[in-house]
Amino acid sequence: MMEGNMFATSQRTHLCGALRAADAGTTVRIGGWVHRSRNLGGLVFLDVRDREGLVQVSFNPDWSSAAVIADAAGVGVESVVIVEGVVTPRPAEMRNANLATGDIEVRASAIRVVGPAVTPAIPVARGKNDALPAEDLRLRHRYLDLRRPELQANLVLRHRLLQATRRFLSDRGFLELETPILTKPTPEGARDYLVPSRVHPGEFYALPQSPQIYKQLFMCCGFDRYFQIARCFRDEDLRQDRQPEFTQIDIEASFIGRDDIMALSEDMVAALWREAGHEVATPFERMSYADAMERYGCDRPDLRYGLEVHDFTGAFRALDFGVTKSAIEAGGRVRGIRVPGGAAWSRKQVDELEALAKSAGAGGLLRVKKADGKLDGPVAKFLTPEAESALALADGDLALLVAAADRISSPALDRVRQECARRLNLVDEQARRFLWVTDFPMFEQDPATGALSAVHHPFTAANPEDMAAYPDAPARWRALAYDCVLNGLELGGGSIRTSDPRVQSRMFTLLGIGDEADQERRFGFLLEGLRAGAPPHGGIAFGFDRISMLLSSGTSLRDVIAFPKTTAARALFENAPSTVPSDDLRELHLRSTVEGE
C-alpha cells in the first residue's frame, strides 16, 4: 500500500476519480469499469469509472503500442480493466470543467481486461437529457443500476449518515446493543412476517416489527442508554415511502422525561443534516395533536404554507341549508379553508378538488367564492350577514368547506389543503420546518362498538394528570407520545413507556387483552422484566431510510436502499419471493394451500 493512500493495493495505486492536476507526472495503475469508449481511427479514449468518479484514459501511438491500442479499441462498455499510464495535463482547449478530473488524463502504456462484460441490459452512461429506463427494468438489473453515479452517491451518503449517528450517540454514552431477529409474534399494528420452526413443529418465530419490547428489557437490565441501527419488518401494503424491510435509528434511555428525549433527538437530527451539508435551527417548534388536527386536519402538518382550517360552525348554525344543518344536528361541524385567488379557478378545477375530498371520505365539498364584490356558489344565497362576515372572503377568494364529523372533515381538508398549496406554488422547496407533535390521544375508540385501540402501541404511558382526572374515561387520556415531523413527513416517533407492571396490565385490559393468562402468554417476558424493577424510561425511533432519502434529494426510498422491493413487495433482481419445493415444506411441517401446488 502506498503511504497515505488507503485504496492502494497490489493491483492499483489510485482511484480513478481521485486523480487531480497535482498528480501530473505520476505513473499510476487504476482499475474500474469502462464508462464510455471513443475510437477516432487510431486514437482511442476510454472513460474509466470507479466509486470515486471517472477519468479519461487516452491511447495514442506516441505513448501506446499498436497492440495496446488494439486491445483498448476492442473493450466493451462496462468491462472491468486495469490500466497503467502517466497522469498528464490536458491541453487547455480539451479540459472538462464539469468533471472533477477534467484537467488531466491518463496516457496509457498498458491495459488488461480483468472482467469482460456482455452488452449491458440497461445503460449506465447516459446523456444529460436521456431518460432513465423503466424502474422495474432497473430493479431487475440492479447490479447495473447501482453503478450509476447518482445511486452510488446516495449510498455513500447513507454510509456517512450511519457513522454520524453512531458517533453522535456513542459520544453521549449510548451503547449499541443488538436485539433478536427471530422473535415472538406480538401485535404492533401491522402483520408479522412469520418464520416456521423446523425443530418445533407447528410453532413460529416472527421477524421484528421493531425492537420495542427488547429495548425496554435493556432498561430493566440496567443498560440505561441503548441504541441500534435496527432492521425491521412489516407485512403491510406498500407505498412510495414504505418497504417491507426497513432500517430505523432506535433509541431508549432511563431516568428521562419527554423533554430529554426531544432535546437529544433535535441535536441528533441537526448533526445528520450537518453531515449532509445543511444547518438546522433548534429547538424545533411544538404543537399539540389537538391543535394540529384543528388547524391543519393532519397530525403531521406541513408548516411551509398557511391555508389553515377554520371552524365556521357557529356562523352556519342558523342557516336553513340542508347539508350544513343536518351535519351540525348530527354532531358534526362546518370547517374549511380560504384560498386566496381561488375564485378564478374553473368549475372543472374545483370539481377536481371535490374528488380529492371524496376520496378521503367526505360526502362533498361546499364552495363559496367572492368575485367583483359578490358571493357565488350553491350555499351563497343561504348565507346571513353574520355568516358572510365569518367567512371573511376578500375579493378573488374561494372558501372550500366540509360539513361532517371531524374524523371525516379533517382528512378531506388535509388533502384539499395540500393540493391548493401545490396549485398556488406556496411550497418553498428549500425551507425546512421541523415540528414536534405532542399529546396524542392514548386510545382510538371505535364509534360503533366503543372498543379501544392504541394510537401508538400498548407500551406507551398515559399522561398521569389525565389518568387522575378521568380514571374511568380512558378515551380522554392523552399519551406521553411525540412525533418529529419535517415538511409534512413523519421522521420519527416515540413515547415515555409504562414502567409499572400493574399499569401495563391495566393497559392490556383496556385494549381487550383482559385475561391474565392471555397477557402472560403474549407479553409475559415484558411483564416479568417490569416486575423485577424497571426505571422510568422512554425512547424514539427515526426512519433512517426516509432521512437518507430526504438528504439525498431522492423521490423514493428505493433511491437509497441498495436492494429494495417493488410496491408489490417483490425483489426483481433475485425473483423473490418464490415457491419452495414440497419436500422443503414438509421438513418445516407445512403444506401450501395455493391451488396447483
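The exercises below, each with a worked solution, concern a predicted model. Local features need pLDDT of at least 70 and side-chain atom pairs count only at pLDDT 80 or more, while totals for chains, interfaces and linings use all residues. Residues are numbered from 1 along each chain as its sequence is written, and side-chain values use heavy atoms, with hydrogens and water left out.

**Exercise 1. The barrel**

Task: state in which order the 5 strands of the barrel close, and place helix H1 against them.

Solution.
1. Helices (H or I, at least four residues) and strands (E, at least two) are DSSP runs, numbered from the N terminus.
2. The order is E1-E2-E3-E5-E4, with mixed pairing; two strands pair if DSSP finds at least two bridges between them.
3. From one strand to the next, the twist averages 50 degrees. Axes are lines fitted to C-alpha atoms, for helices over the stretch in contact, and angles run from 0 to 180 degrees between N-to-C directions.
4. E4 (residues 80–89) is antiparallel to E5 (residues 104–115), and 10 bridges link the pair. Ile82 stands opposite Arg112 in E5.
5. H1 (residues 66–73) lies across E1 (27–39), E2 (44–50), E3 (53–59) and E5, at about 70 degrees to E5.

**Exercise 2. The open sheet**

Task: give the order of the open sheet of 8 strands and say which strands stand at its edges.

Solution.
1. The order is E6-E9-E10-E22-E21-E20-E17-E11, and the pairing is mixed.
2. E6 (175–176) and E11 (285–288) are the edge strands; each has a single partner strand, so one side of each lacks a neighbour in the sheet.
3. Helix H7 (residues 289–296) packs on the sheet and touches E11 and E17 (434–438); the directions of H7 and E11 make about 85 degrees. Contact means heavy atoms within 4.5 Å.
4. Within the sheet, E9 (residues 225–233) and E10 (residues 245–254) run antiparallel and are joined by 9 bridges. Gln228 stands opposite Asp250 in E10.
5. Helix H16 lies across E10, E20 (481–486), E21 (489–496) and E22 (537–543), at about 45 degrees to E22.

**Exercise 3. A helix pair**

Task: describe how H10 and H12 cross and which residues make the contact.

Solution.
1. Two packed helices are described by the angle and the distance between their axes.
2. The axes of H10 (residues 347–359) and H12 (residues 406–423) come within 7 Å and cross at roughly 145 degrees.
3. H10 contributes Gln349, Glu352, Leu353, Leu356, Ala357 and Ser359, and H12 contributes Ala412, Arg415, Val416, Glu419, Cys420 and Arg423.
4. These residues divide into 6 nonpolar, 2 polar and 4 charged. Ala, Val, Leu, Ile, Met, Phe, Trp, Tyr, Cys and Pro count as nonpolar, Asp, Glu, Lys and Arg as charged, and the others, Gly among them, as polar.

**Exercise 4. Backbone exceptions**

Task: locate the cis peptide bond before Pro283, the one before Pro577, and the positive phi of Asp372.

Solution.
1. Thr282 and Pro283 are joined by a cis peptide bond with omega about 0 degrees; Pro283 is in the loop between H6 (258–275) and E11.
2. Ala576 and Pro577 are likewise joined in cis, with omega about 0 degrees; Pro577 is in the loop between H16 and H17 (582–587).
3. Asp372, a residue other than glycine, has a phi near 55 degrees and lies in the loop between E14 (366–371) and E15 (374–376).
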